[in-house]
Amino acid sequence: ISNSYDLFLFLKEQNLIDDKYEYWWPNNDAFEILLGAILTQNTKWTNVEMSLENLRVLNINSLEKIANIDLETFIIAITPSGFKNQKSRRLIALAKNIIKDFETFENFCLKVDRTWLLEQKGIGPETADAILCYACRQDYMVVDSYTNKLLKRFGYEFEDYEQLQAWCEFGINENYDKIAKLYNYDISLNKLYARFHGKIIEYMKCNPKG
Ligand SMILES: Cn1cnc2c(N)nc[n+](C)c21
C-alpha cells in the first residue's frame, strides 16, 4: 500500500464492520460516546459496555446528572472499565466544565474544538479525536496503537500521533472522490474517518498476529 486510500480499500473489501452502527462506534447517543471515549482508556471495550449499562440502569444520561452524581455511586457504576477513581473524578470535572463553558451538551458538540478538549485533565489526542469524530461529528480521524501496529506490518513507522493521523487523513482526502463512488450515497468525510478507524480496530481484532 502506498497511501491510506490503498489501506482503506484493503480493509473495505473484508467487510469488517457491519452496518448496525453506521459510524461504527456503538449506538448513536453522543452523550454515551463522550463517556465511552474516557471510559475506554486502557481497558477493553467489553468492560466499557458494562460500565455504560450500569449508568443506563441508574439513568445517568445528562451532564447535570454526572456533575451532581454521588461520587460513591458513580465509582461503583464505572468499576468494570477500570481506573474508577481517576475516571470518575475526570468525568465529573469534564461535565462541570462543559456546563460552564458551553451550557448545553448540544452546544458543546457544535462548538467545542480540539484545543479545549486537550486542556481537560485526562483527555489526550486519541480521546479528543474520538469525541470530536464520533460525538461531535467533526472531521478528525482517531488513530491509536492498533493503527501503528497495522501500518508497521506494511513497513510504515511514524514519529508521533499527529504524523500518523496526518498520513491516515491525507490519503482519504486526496482520494475522496474515488472513495465516495464506492458508496451508493453521499458519504461525509467525518463518516469515512469514523468507519476507517473502526475497520482498523476490527481488522486487528481478527488478525492479532502479524
Ligand atoms: C467504540 N470502541 C472503542 N474501542 C473499541 C474497541 N476496541 N472495540 C469495539 N468498539 C466498538 C470500540
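**Helix contacts and salt bridges in a predicted model**

Me: What is the relative accessible area of Asn59, which is partly exposed?

Reply: Asn59 is in the loop between helix H3 (45-57) and helix H4 (63-67); helices are DSSP runs of H or I with at least four residues, strands are E runs of at least two, and both are numbered from the N terminus. Buried means under 20% relative accessible area, exposed over 50%, and partly exposed in between, with a 1.4 Å probe and protein chains only. Asn59 is classed as partly exposed because its relative accessible area is 41%.

Me: On what basis are such values computed, and which atoms do side-chain values use?

Reply: This is a predicted model, in which local features need pLDDT of at least 70 and side-chain atom pairs count only at pLDDT 80 or more, while totals for chains, interfaces and linings use all residues. Residues are numbered from 1 along each chain as its sequence is written, hydrogens and water are left out, and side-chain values use heavy atoms.

Me: Which loop residue has a positive phi of about 75 degrees although it is not a glycine?

Reply: Asn59 has a positive phi too, but its value is about 60 degrees. The residue asked for is in the loop between H1 and H2 and is buried, with a relative accessible area of 16%. The residue with a phi of about 75 degrees is Trp24.

Me: Why do the buried residues of H1 lie on the same side of that helix, and what arc do they cover?

Reply: In H1 (residues 4-12), the buried residues are Ser4, Tyr5, Leu7, Phe8 and Leu11. They lie on the same side of H1 because the arc they cover around the axis, taken from the directions to the C-beta atoms, is only 160 degrees.

Me: Which helices do the buried residues of H1 pack against?

Reply: Contact here means heavy atoms within 4.5 Å. By that rule the buried residues of H1 pack against H10 (145-153), H11 (161-174), H12 (176-180) and H13 (189-206).

Me: Which residue caps the N-terminal end of H1?

Reply: The cap is made by a side-chain oxygen that lies 2.9 Å from the backbone nitrogen of Tyr5. That oxygen belongs to Asn3.

Me: At what angle do H9 and H11 pack?

Reply: Pro125, Glu126 and Asp129 in H9 (residues 125-135) meet Tyr161, Glu162 and Gln165 in H11. Axes are lines fitted to C-alpha atoms, for helices over the stretch in contact, and angles run from 0 to 180 degrees between N-to-C directions. The axes are 11 Å apart, and the angle is about 35 degrees.

Me: How many residues apart are Asp19 and Arg195, which form a salt bridge?

Reply: A salt bridge is a side-chain nitrogen of Lys or Arg within 4 Å of a carboxyl oxygen of Asp or Glu, and in this pair the closest N and O atoms are 3.2 Å apart. Asp19 counts as exposed at 60% relative accessibility, whereas Arg195 counts as buried at 6%. Asp19 is in the loop between H1 and H2 (30-39) and Arg195 is in H13, so the pair links distant parts of the chain, 176 residues apart.

Me: Which residue of H13 meets Glu22 in a salt bridge?

Reply: Glu22 is partly exposed, with a relative accessible area of 38%, and its partner is buried, with 6%. The N to O distance is 2.6 Å. The partner in H13, 169 residues away, is Lys191.

How values were computed. Polar contact = N/O pair within 3.5 Å; in protein donor to acceptor, adjacent residues only side chain to side chain.
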